[in-house]
Amino acid sequence: DGAAWVMHLGGDPGRWEIYRNSLLIRLGRYEEARDGLDGLIARRPEYYAGYRVRASLNRRQGRYEAAAEDFTKALKFHVDARRTEAWLHYHRGTPLWIIGRLEEAAEDFREVYRRTTCPTYANARLYLVLRDLGRDDEARAALAEARQDQITEPWLGRVLDALAGEITPEQLVAEAGSDPTQLCEAFYYAGEICRLEGRDAEARDLFRACVGLGDVP
């Protein structure tokens with residue numbers, strides 16, 4: 001089978017299993033992927049990638065507590081590049097935010113900034129989490145710090161501009177154009193801005209538009 005062929009070539013069969021189960025998730029064959037990942041983790045309990053991919057599956061299925069736990073285990077066993085570890089913090093921060101563990105989510109998003117040393121979407125999410133905590137001054141200070149730093153992605157810069165109130169949610173969506181990734185992000189962050197402003201009906205419409213795009217690159 002595929003794993004045996006990878007072993008024959010001198011590769012790590014775990015990497016083949018990660019690829020296979022990731023593909024099953026993309027195809028929507030969630031229970032097959034879960035069985036495969038559970039088996040991989042049982043055989044290799046210190047292999048961080050098994051937890052990382054299962055965490056993504058749990059998040060996709062709305063099992064946010066389990067997703068946060070698996071990302072924590074992935075961080076425990078992770079031995080790869082510093083930037084990859086930063087993104088494990090980013091991905092854990094999102095389910096923590098969803099289940100209301102806001103302080104922990106904020107710390108994860110801060111950790112991404114410390115590790116990457118440049119602004120990313122973690123800075124946008126840190127601003128939103130701090131606003132949800134009612135710490136508006138701290139949120140604005142964190143956002144201002146990120147905007148003063150070197151932003152290598154122009155589109156991220158426009159998202160941060162929108163959060164800062166320098167362009168409207170409608171302008172952000174208009175600027176996204178037809179690029180599906182940018183449009184998804186525009187709908188999402190425009191929705192968050194409307195939510196914070198009490199424009200609940202508009203926020204719901206924007207979140208629905210974001211979800212309606214399906215999986216984007």
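A polar contact is a pair of N or O atoms within 3.5 Å. That idea opens the first exercise on this predicted model.

**Exercise 1. Find which residue caps the N-terminal end of helix α12, and describe the helix that follows.**

Step 1. Start at the cap. D179 takes this role: one of its side-chain oxygens lies 3.1 Å from the backbone nitrogen of T181.

Step 2. Now walk along the helix. α12 covers residues 180–196, which makes 17 residues. From first C-alpha to last it reaches 24 Å, close to the 24 Å expected at 1.5 Å a residue.

Step 3. Check how much of α12 is covered. Buried means under 20% relative accessible area, and 12 of the 17 residues in α12 are buried. Among them are L183, F187, Y188, Y189 and I193. The charged-looking names in the list deserve a glance too: E185 and E192 are also buried.

Step 4. Look just past the end. There, G198 takes a positive phi of about 80°.

**Exercise 2. Work out which helix gives the largest share of the largest nonpolar core.**

Step 1. Take the core as a whole. It has 43 residues, and those with the most contacts inside it are L163, L172 and Y189.

Step 2. List the helices that supply at least two residues each: α6 (82–98), α7 (102–116), α8, α9 (136–148), α10, α11 (169–176), α12 and α13 (200–212).

Step 3. Pick out the leading contributor. α12 gives nine residues, the largest share of this core.

**Exercise 3. Describe the second largest pocket and what lines it.**

Step 1. Begin with its volume, which is about 190 Å³.

Step 2. Move to the lining. It is made of 13 residues, and the closest to the pocket centre are A162, L163, G165, I193 and E197.

Step 3. Trace the lining back to helices. Two or more lining residues come from each of α8 (121–132), α10 (154–163) and α12.

Step 4. Sort the lining by character: eight residues are nonpolar, two are polar and three are charged.

**Exercise 4. Decide whether E85, N123 and T117 are buried or exposed.**

Step 1. Take E85, which lies in helix α6. Its relative accessible area is 17%, so E85 is buried. The side chain of E85 also makes a polar contact with the side chain of R115, at 3.2 Å.

Step 2. Turn to N123 in helix α8. N123 counts as buried because its relative accessibility is 5%. N123 and Y90 are 33 residues apart in sequence, and their C-alpha atoms are 9.9 Å apart in space.

Step 3. Finish with T117, found in the loop between α7 and α8. The cut-off for exposed is over 50%, and T117 counts as exposed because its relative accessibility is 58%. Its phi is near 60°, a positive value in a residue other than glycine.

**Exercise 5. Describe helix α4 and the residue G62 that follows it.**

Step 1. Set out the span. α4 runs over residues 48–60, has 13 residues and reaches 19 Å from first C-alpha to last, close to the 18 Å expected.

Step 2. Name its buried residues: Y48, A49, G50, Y51, V53, R54, A55, L57 and N58.

Step 3. Step beyond the helix. α4 is followed by G62, and the phi of G62 is positive, near 80°.

Notes: Residues numbered from 1 in each chain as written. Predicted model: local features only at pLDDT ≥ 70, side-chain atom pairs only at ≥ 80, totals over all residues. Heavy atoms only, no water. Helix = DSSP H or I, 4+ residues; strand = E, 2+ residues; numbered from the N terminus. Expected span 1.5 Å × (residues − 1). Buried < 20%, exposed > 50% of the residue type's maximum accessible area, 1.4 Å probe, protein only. Polar contact = N/O pair within 3.5 Å; in protein donor to acceptor, adjacent residues only side chain to side chain. 1 Å grid on protein atoms, 1.4 Å probe; cavity = no way out; pocket = protein on both sides within 12 Å on 5 of 7 lines; lining within 4 Å. Points joined across faces, edges and corners; volume = space filled by probe spheres on them. Nonpolar A, V, L, I, M, F, W, Y, C, P; charged D, E, K, R; others polar. Core = buried A, V, L, I, M, F, W, Y, C linked by side-chain atoms within 4.5 Å.
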